[in-house]
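Notebook open, coffee poured. I'm going through this structure one feature at a time and jotting down what I looked up.

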Amino acid sequence: MAALPPPDGVFVPVPTFFEAEVKAPSLQPAVDVSTQAAHSIHLAKSGITGLVLMGSTGEAIHMSSAERINLISGVRKGLDEAGYKDYPIMAGVLVNSVDETLEWLHDAKTAGAQWGLVLAPGYFGSAATQDNLVEWFTLVADNSPLPILLYNYPGVTNNLLISIDSYVKLAQHPNIVGCKMSHGNVSHHVQVSLHPKIDHSKFRVFSGFGQQLGPIVVFNAAGVIDGLAAIFPKTVTRLFSLAAKRPLDEPTLEETRRLQWKVSTAEEYIVTHGILGIREAIFKVLGFGHLSGGRLPLRGALAKGAYEKWDEVIGQMVEEEKKI
């Protein structure tokens with residue numbers, strides 16, 4: 001029996017919150033699970049479909065196995081206690097070894113995640129052939145305790161790109177239920193979302209870029225896994241709801257265009273400042289976290305004045321969020 005894919009909509013790849021100070025004998029600040037859970041509950045209350053914990057934005061590669069388990073289980077416990085039982089959670093898996101990938105997946109299931117978001121093994125970049133990628137993902141899926149999504153992020157995998165043909169082959173596997181494409185090739189998103197040899201009720205396409213939300217959802221993509229939604233969840237969710245409406249009438253299309261422009265403009269802040277920028281905006285807009293600490297090499301805050309350069313863009317998103 002084929003596994004079920006995640007629901008369509010907006011997932012947030014949440015950053016991991018760390019304590020402000022290092023406490024001996026630790027060398028790095030501890031994970032702040034209580035703040036993590038509080039932010040996750042805020043996202044759930046704001047209409048976000050689900051979370052990606054321990055993904056690239058979540059700095060899973062800077063954490064131990066025990067820390068990853070404690071964070072996922074702590075967020076799951078917080079959501080359950082807040083009334084969001086069975087709230088959708090994907091867990092990132094960011095390693096290249098098949099055995100270690102399966103260890104991460106077993107840990108994620110134990111901690112309460114329902115899906116694994118498995119990064120393509122790109123340490124050697126394009127030296128990994130498409131046939132070997134298909135075999136690698138198949139081996140993982142055959143043995144995974146969780147349904148998995150293929151995660152293609154060329155920016156952290158030496159520009160490794162999963163081909164359309166590889167997606168088509170892997171989409172046939174009963175334990176592979178979708179993918180996240182974190183790149184700007186809209187054609188790949190659309191081709192896989194519409195491919196006649198893929199059962200789109202069982203294999204769903206998510207983009208890592210909110211600036212592509214409207215265009216890809218109109219053409220049958222599932223939605224986005226988007227960092228901007230960690231700051232402005234209601235606005236990004238509203239944009240998804242508009243783009244997913246059928247039939248897409250002219251007034252709806254006009255409002256979709258208006259919101260897509262605002263979201264795309266704000267996404268430039270994320271592109272420019274990455275994880276540090278997301279953390280800083282979450283603190284300044286929502287009040288979660290702090291501007292000190294973090295884990296090396298991503299410790300600290302933005303340079304003085306960097307955030308203020310985006311006042312107009314951030315300000316229009318704040319106003320949009322208040323309307324919803």
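**Entry 1: a salt bridge in a loop region**

I started with Asp249, which is partly exposed at a relative accessible area of 29%. My cut-offs here: buried is under 20% relative accessible area, exposed is over 50%, and partly exposed is in between, with a 1.4 Å probe and protein chains only. Asp249 forms a salt bridge with Lys245, and their closest N and O atoms are 3.4 Å apart. A salt bridge needs a side-chain nitrogen of Lys or Arg within 4 Å of a carboxyl oxygen of Asp or Glu. Lys245 is partly exposed too, at 38%.

Before going on, a note to self: this is a predicted model, where local features need pLDDT of at least 70, side-chain atom pairs count only at pLDDT 80 or more, and totals for chains, interfaces and linings use all residues. Residues are numbered from 1 along each chain as its sequence is written, and side-chain values use heavy atoms, leaving out hydrogens and water.

**Entry 2: more salt bridges**

How many salt bridges does the rule give? The count comes to 15.

I picked out Glu320 and Arg258, whose side chains meet at 2.7 Å, N to O. Glu320 sits in helix α10 and Arg258 in helix α9, so this pair ties together parts that are 62 residues apart in sequence. (Helices are DSSP runs of H or I with at least four residues, strands are runs of E with at least two, and both are numbered from the N terminus.) Glu320 is buried, with a relative accessible area of only 3%, while Arg258 is partly exposed at 31%.

Which residues join these two in a network of salt bridges? I found Glu255, Lys262 and Lys323 linked up with Arg258 and Glu320.

Another pair I looked up is Glu308 with Lys284, with 3.6 Å between the closest N and O atoms. Glu308 is in the loop between α9 and α10 and Lys284 is in α9, so the pair ties together parts 24 residues apart in sequence. Glu308 is partly exposed at 40%, and Lys284 is partly exposed at 36%.

**Entry 3: helix α10**

I checked the length of α10 next. It has 13 residues, 311-323, and at 1.5 Å a residue it should span 18 Å; the end C-alpha atoms are 18 Å apart, so that agrees. The expected span is 1.5 Å times one less than the number of residues.

Which residues of α10 are buried? They are Val313, Ile314, Gln316, Met317, Glu320 and Glu321. Looking down the axis, I see these buried residues fall within an arc of 160 degrees, so they line one face of the helix. That arc is taken from the directions from the helix axis to the C-beta atoms. On the other side of α10, Glu312, Lys322 and Lys323 are exposed. The cover over the buried residues includes α8 (233-244) and α9 (250-286).

**Entry 4: odd backbone spots**

Most residues other than glycine have a negative phi, and most peptide bonds are trans. So I went looking for exceptions.

- The bond from Arg246 to Pro247 is cis, with omega near -5 degrees, and Pro247 is in the loop between α8 and α9.
- Leu296 and Pro297 are also joined by a cis peptide bond, with omega about 5 degrees; Pro297 is in the loop between α9 and α10.
- Asp86 has a positive phi, near 65 degrees. It lies in the loop between α2 (65-81) and β3 (89-93) and is exposed, at 56%.
- Asn158 has a positive phi near 55 degrees, in the loop between β5 (148-152) and α5 (164-170).

**Entry 5: the inside**

Is β3 enclosed or open? Five of its five residues are buried, so β3 is largely enclosed by the rest of the structure. Ile89, Ala91 and Val93 point one way, and Met90 and Gly92 point the other way. β3 pairs with β2 (residues 50-53) in the parallel sense over three bridges; pairing takes at least two DSSP bridges. Val52 stands opposite Met90.

Last lookup: the largest nonpolar core has 102 residues, and Leu228 is one of those touching the most other members. Such a core is a set of buried Ala, Val, Leu, Ile, Met, Phe, Trp, Tyr and Cys residues joined through side-chain atoms within 4.5 Å. The largest share of this core, eight residues, comes from α9.

Technical notes:
Contact means heavy atoms within 4.5 Å.
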